Amino acid sequence: MEEKSKKSMRFRSRVLPALTTVAPVSLWMILFVAIPMIYVIVISFCNIDENYNVVFQFTFKNYIRLIDPDYLKIYLQSLLIAFLSTVLALLIAFPFAWIIARTKSRRKNVFYMLVIIPFWTNSLIRIYGWKTFLGNSGWLNSFLLKIHLISEPLDLLYHPATTILGMVYCLFPFMVLPLYSALEKLDGSLLEASADLGARKVQTFFEVILPLTSSGIFSGCIMVFIPALGYFYVSDILGGGNTDMIGNLIERQFQSGNNWPLGAALSIILILVTLLLVRIYQKLGGDMESLGV
Amino acid sequence: MSEYIVELDHVNKIYGTNHVVKDMNLHVKAGEFLTLLGSSGCGKTTTLRMIAGFEIPSSGSIRVEGESIEAKQPFERDVNTVFQTYALFPHKTIFDNIAYGLRMKKVPKAEIRERVEEMLSMVQLEGFDDRFPSQLSGGQKQRVAIARALINRPKVLLLDEPLGALDLKLRKQMQLELKRLQKKLNITFIYVTHDQEEALTMSDRIAVMHDGIIDQVAAPSEIYEHPATKFVATFIGETNVFEGCIVEIDGRTCEVAVENGFVQANGDDFSNGEFVTISVRPEKIKFYKDDIGSFGLQGIVKDYIYVGSVLKCNIVLPNGNEVRAERLSGEEVPKVGEVVYVTWDVGDAVLLHNRDNTIYNALNNMPIV
């Protein structure tokens with residue numbers, strides 16, 4: 001009898017609170033993160049039969065196929081495009097974030113909204129918008145033809161550069177927001193102190209602004225670089241199949257290629273690359289909270 | 001070359017419709033400790049920032065050693081600032097913070113090390129080289145900020161309420177240290193504060209500011225004994241103010257009709273019938289049971305407050321105004337509730353033109369039709 005009441009006490013004081021607070025989160029994580037991940041990992045080690053059905057038969061075949069030279073070329077191209085997109089986004093976003101952070105008036109909100117509102121709109125639609133704008137009979141070409149600046153429509157679509165443009169455009173808010181919050185926190189009197197002590201604007205930038213906003217720059221770069229590796233529809237629509245990226249490769253395995261195990265193996269690689277980048281970010285002293293993790 | 005190191009002539013600063021600094025003229029002598037004293041929003045910090053180069057004057061000229069600097073960027077000016085919030089670089093060590101100015105000027109490394117060490121010992125922070133600002137106390141940060149500014153050997157050091165964030169005891173100690181440092185290095189200090197005691201303790205001269213205007217620039221004793229305006233008289237220390245109208249002038253002595261009777265004060269350049277303000281410090285107020293002076297205001301002793309060396313006394317006049325007086329402890333004094341006569345030595349009262357008078361202001365601001 002006493003034993004029983006002790007047990008129920010323990011249940012009430014220890015188990016019940018833990019159950020009610022942690023259990024829902026754990027359940028959510030298990031359902032939506034752990035199980036799908038395990039499923040992907042398992043499939044990546046599976047075989048397929050002649051009808052492209054997944055057969056639960058252990059094999060390394062999918063991973064061996066990943067080092068195919070054609071694939072390696074695509075990985076390199078993906079990394080290059082993601083890298084260039086990141087650099088370009090950083091170069092454009094930094095001055096922009098600086099202006100928002102340093103503007104005191106009501107215009108600040110206007111600038112902020114200019115970043116946020118497109119962010120709320122589906123990026124697929126916006127990418128199609130670019131296609132309409134840049135196409136052979138698109139607005140830009142029609143306009144240039146009309147003012148007789150060109151006699152033939154320019155071939156603006158389906159270049160790697162167009163893909164980069166789309167990436168930068170889509171991922172711009174992810175770069176601006178961390179930069180903005182880092183610049184916002186930057187104490188203006190430090191800039192004055194720097195100038196007071198004889199530093200020119202360029203010196204102040206490298207000595208004070210850059211080191212003090214580096215964590216914002218890191219997180220912005222991570223937040224652009226990682227999605228850029230996987231945004232297959234941007235290279236699909238704007239690159240027109242000329243610019244294959246790892247995201248396209250994965251998408252194709254699950255759709256037209258119908259080779260789920262290979263797609264899963266590719267996904268695993270992409271996840272590993274992502275984790276590696278986040279680890280590097282952490283090592284460099286990056287703040288996980290600013291990644292939204 | 002003039003004896004002044006910093007000269008401000010007809011300097012104005014206007015933000016939108018806000019006229020922050022109004023036609024300011026201020027001449028600072030080389031090697032002096034000058035304080036800009038005033039309550040918040042009086043334009044003292046703006047003045048300092050214009051000298052530093054963080055703000056551009058709307059009009060007027062600012063010269064350092066006779067050379068116009070208003071077009072110069074902050075980094076081109078031979079002045080350095082100690083900020084209220086210290087503004088130490090959080091990502092740099094104490095050594096790198098102090099060395100910053102010299103590094104920007106590309107001074108050789110060996111000399112930088114030597115001069116930083118010298119500065120660290122001067123502000124008593126030897127061995128703090130490798131620490132970061134976040135590991136320092138408020139007082140230590142303050143010293144680093146001073147060392148970081150002084151290492152550049154500026155012609156003028158600007159200090160914007162540098163002790164504002166420190167507790168009282170530390171503030172007192174730093175006041176003396178700063179004063180000693182200034183004497184030792186013989187650098188001109190322009191110091192901004194709203195703390196009148198701090199200003200009186202440290203300054204060679206004080207410029208009392210009020211609403212964008214300098215009311216008076218003078219030595220602390222002069223400011224205290226002979227305030228030029230009612231604002232200065234009431235802002236610095238305790239005082240009793242009487243407003244009235246001159247009814248008779250005999251040599252320097254003016255007879256003034258105030259609300260509760262007639263009083264006297266000495267003054268030059270006053271005219272009969274003029275509205276004036278009289279300021280008398282509490283320690284100069286005398287009060288007796290009998291009307292024995294050449295003039296006296298009747299009042300009733302309200303209470304005494306014993307504060308150690310002196311006894312503070314409040315006397316209520318018939319119109320309800322209170323007069324504050326002081327007596328040395330142990331002296332025999334009238335009892336609470338007794339009728340007394342309030343008076344003073346004519347030479348102890350300060351007679352002021354009543355520029356604060358609302359009628360005077362109303363007349364002055366009237367649009368010309």
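**Exercise 1. Strand E3 of chain B**

Determine which residues lie on each face of E3(B), and whether those faces are buried or exposed.

*Solution.* Step 1. On one side of E3(B) stand Phe33(B), Thr35(B) and Leu37(B), while Leu34(B) and Leu36(B) occupy the other. Both faces are covered, every one of these residues being buried. The structure is a predicted model.

Step 2. The criterion for "buried" is 20 or more other C-beta atoms within 10 Å of the residue's own. Five of the five residues of E3(B), residues 33–37, meet it, and therefore the strand is largely enclosed by the rest of the structure.

Step 3. The pairing partners are identified next. E3(B) runs parallel to strand E8 (residues 188–193) of chain B, to which five bridges join it. Four bridges join E3(B) to strand E9 (residues 205–210) of chain B, also in a parallel arrangement.

Step 4. Leu34(B) illustrates both pairings: it stands opposite Ile190(B) in E8(B), and its bridge partner in E9(B) is Arg205(B).

**Exercise 2. The sheet E2-E1-E4-E5**

Establish which strands stand at the edges of the open sheet in chain B that has the order E2-E1-E4-E5, and why one side of each is left without a neighbour.

*Solution.* Step 1. This open sheet of chain B has four strands, and its pairing is antiparallel.

Step 2. Strand E2 (18–29) and strand E5 (67–68) of chain B are at the edges; each has a single partner strand, so one side of each lacks a neighbour in the sheet.

Step 3. The partner relation at E5(B) can be followed to single residues. Strand E4 (residues 59–64) of chain B pairs with E5(B) in the antiparallel sense over two bridges. Within E5(B), Glu67(B) is the residue opposite Val64(B).

**Exercise 3. Helix H1 of chain B**

State how many residues of helix H1 of chain B are buried, and which residue follows the helix.

*Solution.* Step 1. H1(B) covers residues 44–52, and eight of its nine residues are buried, so the helix is largely enclosed by the rest of the structure.

Step 2. The buried residues are Lys44(B), Thr45(B), Thr46(B), Thr47(B), Leu48(B), Met50(B), Ile51(B) and Ala52(B).

Step 3. Gly53(B) follows H1(B), with a positive phi near 105°.

**Exercise 4. Domains and cores**

Describe how chain B is divided into domains, and determine where the largest nonpolar core lies relative to domain 1 and domain 2 of chain B.

*Solution.* Step 1. Domain 1 of chain B comprises 4–230 and domain 2 comprises 238–364. Their centres, taken over C-alpha atoms, are separated by 39 Å.

Step 2. Direct contact between the domains involves four residues of domain 1 and seven residues of domain 2 of chain B. On the domain 1 side, the residues divide into one nonpolar, two polar and one charged.

Step 3. The largest nonpolar core has 102 residues, and Ile190(B), Ala207(B) and Ile278(B) have the most contacts inside it. Its largest share, six residues, comes from helix H4 (residues 138–150) of chain B. Both domains of chain B give residues to this core, so it lies between them.

Step 4. Leaving aside residues up to four places away in sequence, Ile278(B) touches Phe242(B), Val256(B), Val263(B), Ala265(B), Ala349(B), Val350(B) and Leu351(B).

Step 5. Another core, of 47 residues, lies apart from it and includes Ala82(A), Tyr169(A), Val176(A) and Leu179(A).

**Exercise 5. The contact between the chains**

Find how many residues each chain brings to the contact between chain A and chain B, and which helix of chain A supplies the largest share of its side.

*Solution.* Step 1. Chain A contributes 15 residues and chain B contributes 17 residues.

Step 2. On the chain A side, helix H8 (188–196) and helix H9 (201–230) each supply at least two residues. The largest share, six residues, comes from H8(A).

Step 3. By character, the chain A side divides into eight nonpolar, three polar and four charged residues.

Step 4. The confidence values complete the solution. The predictor gives the complex an ipTM of 0.80 and a pTM of 0.78. Chain B averages a pLDDT of 89, with 95% of the residues scoring at least 70.

**Exercise 6. Chain B overall**

Summarise the secondary structure, extent and contacts of chain B.

*Solution.* Step 1. Chain B has nine helices and 20 strands.

Step 2. The C-alpha trace of chain B spans about 75 × 60 × 35 Å along its principal axes.

Step 3. Of the 369 residues of chain B, 39% count as buried. Among contacts in chain B with a separation of 6 or more, 64% involve residues 24 or more positions apart.

Terms used: Residues numbered from 1 in each chain as written. Chains lettered and ligands numbered in written order. Predicted model: local features only at pLDDT ≥ 70, side-chain atom pairs only at ≥ 80, totals over all residues. Buried ≥ 20, exposed ≤ 12 C-beta atoms within 10 Å, placed from the backbone. Contact = placed C-beta atoms within 7 Å. Nonpolar A, V, L, I, M, F, W, Y, C, P; charged D, E, K, R; others polar. Core = buried A, V, L, I, M, F, W, Y, C linked by C-beta atoms within 7 Å. Domains from an automatic or database assignment. pLDDT = per-residue confidence, 0-100. Pairing = 2+ DSSP bridges.
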